[in-house]
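Reader: I'd like a close look at one part of this protein, the acidic side chains and whatever they pair up with. Could you walk me through it in one go, without too much jargon?

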Amino acid sequence: YFPDVHVPGLGWLFGQVMGRFGFRGGHPEFASDVMIEGDAEVAFDARPVLPEIGVPVLLIGGDADFMFPEGYLEETARLIPDCTVRVYEGKDHVQTVSDERLCPDVLDFVGGG
């Protein structure tokens, strides 16, 4: 892992390779399975149970994440009684989990930092 090494186009290339490798549609029902999963994700609403969470929660996201926009993070954090939020500026969904602040933030949250 080399956090300061940036190779233009490497992320795109990796996505192309993994997309072809992982989403080949290996069985006839593949397309309908993907649609069923998508419909289930859209229909699911966890908001009613979030206030029942009885343990501290660390919620980390990026402000450029189109899958989980910052408004979703804020609403989720508001509904969880003991929620700590970290929003990484300029980071999308994938960049958030590879951000150099992630591990220190998690360690700090669990008391090991």
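Author: Here's a walk through the acidic residues and their partners, with a quick look at the whole chain to get our bearings. Keep in mind that this is a predicted model.

Let's start with the overall layout. The chain has 5 helices and 2 strands, and reading along the sequence they come in the order α-α-β-α-β-α-α. Of its 113 residues, 12% count as buried. The accessible surface adds up to about 8900 Å², with 63% of that belonging to carbon and sulfur atoms. As for how the chain folds back on itself, take the contacts between residues at least 6 apart in sequence: 68% of them join residues at least 24 apart.

Now for the charges. Side chains of opposite charge can pair when their charged atoms come close. Searching the whole structure turns up 4 salt bridges. One of them joins D45 to R47, where the closest N and O atoms sit 2.8 Å apart. D45 is partly exposed, because its relative accessible area is 37%. R47 is partly exposed as well, at 42% relative accessibility.

R47 also has a salt bridge with E75, with 3.3 Å between the closest N and O atoms. R47 sits in the loop between helix 2 (30-43) and strand 1, while E75 belongs to helix 3, so this pair ties together parts that are 28 residues apart in sequence. E75 comes out as partly exposed, because its relative accessibility is 26%.

Further along there's a salt bridge between the side chains of D99 and R101, at 2.8 Å from N to O. R101 is partly exposed, with a relative accessible area of 33%. Back at the earlier group, the bridges share partners, and that joins D45, R47 and E75 into one network.

Let's stay with D99 for a moment. You'll find D99 in the loop between helix 4 (93-97) and helix 5 (102-110). Is D99 buried or exposed? D99 counts as buried, because its relative accessibility is 5% and the cut-off for buried is under 20%. The side chain of D99 also reaches the backbone nitrogen of R101, at 2.7 Å. So R101 meets D99 through its side chain and through its backbone nitrogen. Setting aside neighbours within four places in sequence, D99 is in contact with Y88 and K91. Y88 is 11 residues away from D99 in sequence, and their C-alpha atoms are 8.2 Å apart in space.

T96, in helix 4, touches Y88 and K91 too, and its other contacts beyond four places in sequence are I60, G61, G62 and L102. T96 is another buried residue, at 4% relative accessibility.

Next comes D65, an acidic residue without a salt bridge. D65 is found in the loop between strand 1 and helix 3. D65 is buried, and the nearest side chain of opposite charge is R101, 12 Å away. What does the side chain of D65 meet instead? One partner is the side chain of H93, in a polar contact at 2.7 Å. Another is the backbone nitrogen of M67, which lies 2.8 Å from a polar atom of the D65 side chain. Leaving out neighbours within four places in sequence, the residues that D65 contacts are K91, D92 and H93. K91 turns up in the contacts of D65, D99 and T96.

That brings us to M67, which sits in the loop between strand 1 (57-62) and helix 3 (70-79). M67 counts as partly exposed, because its relative accessibility is 44%. Along with F66, F68 and Y72, M67 makes a nonpolar surface patch of about 510 Å². So M67 has its backbone nitrogen by the side chain of D65 and is also part of that nonpolar patch.

To put the acidic residues side by side: D45 and E75 are joined with R47 in one network, D99 has a salt bridge with R101, and D65 is buried with no salt bridge but makes a polar contact with H93.

Terms used. Residues are numbered from 1 along each chain as its sequence is written. This is a predicted model: local features need pLDDT of at least 70, side-chain atom pairs count only at pLDDT 80 or more; totals for chains, interfaces and linings use all residues. Side-chain values use heavy atoms; hydrogens and water are left out. Patches are made of residues with over 30% relative accessible area and no salt bridge: like charges are joined within 9 Å, nonpolar side chains (Val, Leu, Ile, Met, Phe, Trp, Tyr) within 5 Å. Accessible areas come from the Shrake-Rupley method with a 1.4 Å probe; for residues, only the protein chains shown count as cover. Helices (H or I, at least four residues) and strands (E, at least two) are DSSP runs, numbered from the N terminus. Buried means under 20% relative accessible area, exposed over 50%, partly exposed in between (1.4 Å probe, protein chains only). Lys and Arg count as positive and Asp and Glu as negative; His and the chain ends are not counted. A polar contact is a pair of N or O atoms within 3.5 Å; within protein, one must be able to donate a hydrogen and the other to accept it, and residues adjacent in sequence count only if both atoms are side-chain atoms. Contact means heavy atoms within 4.5 Å.
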